[in-house]
Amino acid sequence: MKKYSKEHQWIEVMGNRGRMGITKFASEQLGNIVYLELPTVGDQTTANEPMTIVESVKSSSDVYSPVSGEVVAVNEELGDAPELLNEDPEGKAWIAEILLDNPVELEDLMTEEEYFDFIK
């Protein structure tokens, strides 16, 4: 199940964990991404609060956590190749896996169809 936030992050839920990243729309708006500050395993996230920063040739933007929880894995590959966020933002370029503190928060996120309507 994949859900989307109004801050243009996605999360794919697998049991009590969610793998998250930025949406294709966000990637396109940012332009060429040159740096991503990866979160640290063990960090606590809060839904709708900044958890890291992505930088492009255009700007620097916060990446918001779609849910509250503990970061249990990060995509180390992005540290050396942040451009993957432009190439495959909703696939290979996931940013972190979060152990969900409160799965009810997922109800506040949008389905793919709702998100596409939102960005029109």
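The exercises below deal with strands, aromatic rings and charged side chains in a predicted model.

**Exercise 1.** Find how strand 6 and strand 7 run and how many bridges join them.

Solution. Step 1: locate strand 6 at residues 50-56 and strand 7 at residues 60-64. Step 2: look for bridges; five of them join the two strands, which run antiparallel. One bridge pairs Glu-55 with Ser-60 of strand 7. Step 3: examine the connection, which is a hairpin of three residues.

**Exercise 2.** Classify the ring pair of Tyr-115 and Phe-116.

Solution. Step 1: count the aromatic pairs in the structure; there are three. Step 2: take the geometry of this pair, with centres 6.3 Å apart and planes at 50°. Step 3: apply the cut-offs: under 30 degrees is stacked, and over 60 is edge-to-face. The angle of 50° therefore makes the pair tilted.
Step 4: turn to Tyr-115 and Phe-118, also a tilted pair, with 6.3 Å between centres and 35° between planes. Both residues belong to helix 4 (residues 112-119) and are three residues apart, about one turn of the helix. Step 5: assemble the cluster that ring pairs form from Tyr-4, Tyr-115, Phe-116 and Phe-118.

**Exercise 3.** Decide whether Tyr-115 is buried or exposed.

Solution. Step 1: recall that buried means under 20% relative accessible area. Step 2: Tyr-115 has 1% relative accessibility, so Tyr-115 counts as buried. Step 3: by contrast, Phe-116 at 41% is partly exposed, and Phe-118 at 37% is partly exposed.

**Exercise 4.** Find which ring lies under the charged end of Lys-2.

Solution. Step 1: the charged end of Lys-2 sits over the ring of Trp-10, 4.5 Å from its centre. Step 2: likewise, the charged end of Arg-19 sits over the ring of Trp-94, at 4.1 Å from its centre.

Note on methods
Residues numbered from 1 in each chain as written. Predicted model: local features only at pLDDT ≥ 70, side-chain atom pairs only at ≥ 80, totals over all residues. Heavy atoms only, no water. Pairing = 2+ DSSP bridges. Helix = DSSP H or I, 4+ residues; strand = E, 2+ residues; numbered from the N terminus. Phe/Tyr/Trp six-rings, centres within 6.5 Å; stacked < 30°, edge-to-face > 60°. Buried < 20%, exposed > 50% of the residue type's maximum accessible area, 1.4 Å probe, protein only. Lys NZ or Arg CZ within 6 Å of the ring centre and 35° of its normal.
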